[in-house]
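This report goes through a single protein chain, from its overall dimensions down to individual helices and residues. The model and its sequence are shown first.

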Amino acid sequence: NVDFFEAHGTSYAFDAKGGRFVCLNTEFEEMTQRFFHILAKPTFPSEAHDKLKKIFIDNYHRAQDDAKSVGRRLLRNIMYKGHPFAWTFEEAIKMIEGASAADMQKLHSEYVSPANMVLALVGDFNVDDAVHVVERVFGRWTGGGRKKFVSMPVVYEPNVQIDFPMLRDQIMM
């Protein structure tokens, strides 16, 4: 997939913000078909899964030494106290270490479905042609029910002071 997108000069991303791609008008249908294939029929090879786990774990280890990352995490833990968004770096590392490819498949089957998706098109193209392509490619996608996301009330605690000493020998160059 990487080679496919890059051979067509298409930029792409699949991350916490969602999936997206940017391509030329002439390549829209072919890129949309590949994008759909990735969303609807992903593979979870164990070698790639293990590699990504190592990358994420390393990122969280390094974030523990970054004052900005630590500050943001501390702020979020205060803001989201009692909510799943309030996690520590150690908790994230432990969760990632325990995650299996089967866990990823289960999450994908539960959340990546037409009922939980929002599709946005932006660009200089013929709207009718683009809608026709999207309907033809995504129209056959079935499965998955709408997941109800429950929000938790945020409890505001005024005048909270956080002291978090970071004993690091660092310099900025």
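The text below covers the chain as a whole, then the strand pair, two helices and two loop residues.

**Whole chain**

The model is a predicted one. The protein chain holds 7 helices and 2 strands, and their order along the sequence is α-β-β-α-α-α-α-α-α. Its radius of gyration is 21 Å, well over the 16 Å that the globule rule gives for 173 residues, so the chain is more spread out than a compact globule. Along the principal axes, the C-alpha atoms fill a box of roughly 55 × 40 × 35 Å.

Of the 173 residues, 20% count as buried. The accessible surface of the chain comes to about 13500 Å², and carbon and sulfur atoms supply 57% of that area. Among contacts with a separation of 6 or more, 68% are between residues 24 or more positions apart.

**The strand pair**

The strands β1 and β2 run antiparallel and are joined by 5 bridges. They form a hairpin, with 2 residues between them. Within this pairing, Y12 stands opposite F21 in β2.

**Helices α2 and α4**

Two helices are set side by side here.

| Helix | Number of residues | Expected span | Distance between end C-alpha atoms |
|---|---|---|---|
| α2 (residues 28–40) | 13 residues | 18 Å | 18 Å |
| α4 | 13 residues | 18 Å | 18 Å |

For α2, the distance between the end C-alpha atoms agrees with the span expected at 1.5 Å a residue. The buried residues of α2 are F28, M31, T32, F35, F36, I38 and L39. Seen down the helix axis, these buried residues fall within an arc of 160°, so they line one face of α2. What do the buried residues of α2 pack against? Their partners are α1 (2–7), β1 (11–15), β2 (18–22), α6 (101–111) and α7 (127–138). Both strands of the hairpin are thus on this list.

For α4, the expected span and the distance between the end C-alpha atoms agree as well. Its buried residues are V70, R73 and N77. Down the axis of α4, they fall within an arc of 65°, so they too line one face of the helix. On the other side of α4, A67 and K68 are exposed. The cover over the buried residues of α4 includes α3 (46–63) and α5.

**Two loop residues**

K81 lies in the loop between α4 (67–79) and α5 (89–98). Is K81 buried or exposed? Its relative accessible area is 53%, and the cut-off for an exposed residue is over 50%, so K81 counts as exposed. Apart from neighbours within four places in sequence, K81 is in contact with A86 and E157. The C-alpha atom of K81 is separated by 33 Å from that of F44, a residue 37 residues apart from K81 along the chain.

S113 belongs to the loop between α6 and α7. Its relative accessible area is 2%; buried means under 20%, so S113 is buried. With neighbours within four places in sequence left aside, the contacts of S113 are W141, G143, G144 and G145.

To restate the two cases, K81 is exposed, whereas S113 is buried.

Notes
Residues numbered from 1 in each chain as written. Predicted model: local features only at pLDDT ≥ 70, side-chain atom pairs only at ≥ 80, totals over all residues. Heavy atoms only, no water. Helix = DSSP H or I, 4+ residues; strand = E, 2+ residues; numbered from the N terminus. Buried < 20%, exposed > 50% of the residue type's maximum accessible area, 1.4 Å probe, protein only. Contact = heavy atoms within 4.5 Å. Expected span 1.5 Å × (residues − 1). Arc of directions from axis to C-beta. Rg over C-alpha atoms; globule rule 2.2 N^0.38 Å. Areas by Shrake-Rupley, 256 points an atom, 1.4 Å probe, with all protein chains shown as cover. Pairing = 2+ DSSP bridges.
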